[in-house]
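Please open the model in your viewer and set it so that side chains can be shown one at a time. The tour below goes from one selection to the next and says what to look for at each stop.

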Amino acid sequence: MSDDALHTPTGATALKHADRNVDHQVESFGLSATQRSIWFDQRLRPDSIRFHITTAVRAHTAADPDVIRRAFATVVRDNPALRTTFHDHDGIPRQRVHDATLLDFRFVDARSWSDAEFTNELALEHHRRFDLAVGPPVR
C-alpha cells in the first residue's frame, strides 16, 4: 500500500478493512515486564490515566493538517510499538504488531479559545480512555 493511501479518507477506510482482514494472520508475542505492567493496570483500572502523556502544540504560523498527519503516520509506521495491540489469550497477555493501523489524529484550530477553554479541552483529551486491544496506543 502506498504512503498516499495512509493519508486519505479512502485510504484510511481501506487500511481499516485491510487490518481487519489480516488480523488473524498477525503473529502474537509475549509482553515485556513494562508492557505487562501497563496491560495489568488497564485490566484492573480501565479508566486509569496513569500512563497517559498529553501534550499540545501551539503553532504561531499556518499549519497544514495534512503535512502534520503524514508526519505522525510516518512516526507510527516506523515504530512498531505504536502499531501494537494487546490481547488476552487464555489469561496470558499477548501482543500483536500490525503492519498498518489507523491513526486517531485530530487537528483542532484553537486560536479563538481562551486559556481556560484550552486547558479544559486538553484535560478532556488526557482523560479519554485507550483500549489496548483496539489500538493504537497513540493519538
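Select His87 and display whatever surrounds it: in this predicted model, and leaving aside neighbours within four places in sequence, His87 is in contact with Trp39, Ile92, Pro93, Arg94, Arg96 and Ala133. His87 belongs to strand 2, and because its relative accessibility is 16%, below the 20% cut-off, it counts as buried. Two polar contacts of its side chain can be drawn here, one of 2.7 Å to the side chain of Thr85 and another of 3.2 Å to the side chain of Arg96. As a guide to the eye while you turn the view, side chains in a regular strand alternate between the two faces of the sheet.

Next, widen the selection to residues 84-89, which are strand 2, and add residues 92-97, which are strand 3; these two pair in the antiparallel sense over six bridges. One of the pairs to pick out is Asp88 with its bridge partner in strand 3, Pro93. At the turn of this hairpin, where two residues stand between the strands, click on Asp90, which takes a positive phi near 55°.

Now bring in strand 1 to see the whole sheet, which is open and consists of three strands in the order 1-3-2 with antiparallel pairing. Strand 1 (28-29) and strand 2 stand at the edges, and each has a single partner strand, so one side of each is left without a neighbour in the sheet. Between strand 1 and strand 3 the antiparallel pairing runs over two bridges, and if you select Phe29 you will find that its bridge partner in strand 3 is Gln95. Helix 2, residues 33-44, packs on the sheet, where it touches strand 2 and strand 3, and its direction makes about 65° with that of strand 2.

From the sheet, move to helix 3 and begin at Asp64, which caps the N-terminal end of this helix, with a side-chain oxygen 3.0 Å from the backbone nitrogen of Asp66. Does the length of helix 3 fit its residue count, and what span should the 14 residues at 65-78 have at 1.5 Å a residue? The expected span is 20 Å, and the end C-alpha atoms are 20 Å apart, which agrees.

The last stops are charged pairs, of which the count comes to eight salt bridges. Show the side chains of Arg106 and Glu125, which meet in a salt bridge at 2.9 Å, N to O. Arg106 is in the loop between strand 3 and helix 4 (115-126), whereas Glu125 is in helix 4, so this pair ties together parts that are 19 residues apart in sequence. Keep Glu125 selected and add Arg128, since the side chains of these two also meet in a salt bridge, of 3.6 Å, N to O; Arg128 counts as partly exposed, at 28% relative accessibility.

Then go to Asp109 and Arg111, which form a salt bridge whose closest N and O atoms are 2.6 Å apart. Asp109 is partly exposed, with a relative accessible area of 44%, while Arg111, with 74%, is exposed. To finish, select Asp41, Arg45 and Arg50 together, which salt bridges with shared partners join into one network.

How values were computed
Residues numbered from 1 in each chain as written. Predicted model: local features only at pLDDT ≥ 70, side-chain atom pairs only at ≥ 80, totals over all residues. Heavy atoms only, no water. Helix = DSSP H or I, 4+ residues; strand = E, 2+ residues; numbered from the N terminus. Expected span 1.5 Å × (residues − 1). Polar contact = N/O pair within 3.5 Å; in protein donor to acceptor, adjacent residues only side chain to side chain. Pairing = 2+ DSSP bridges. Contact = heavy atoms within 4.5 Å. Axes fitted to C-alpha atoms, helices over the stretch in contact; angles between N-to-C directions. Buried < 20%, exposed > 50% of the residue type's maximum accessible area, 1.4 Å probe, protein only. Salt bridge = Lys/Arg side-chain N within 4 Å of Asp/Glu carboxyl O.
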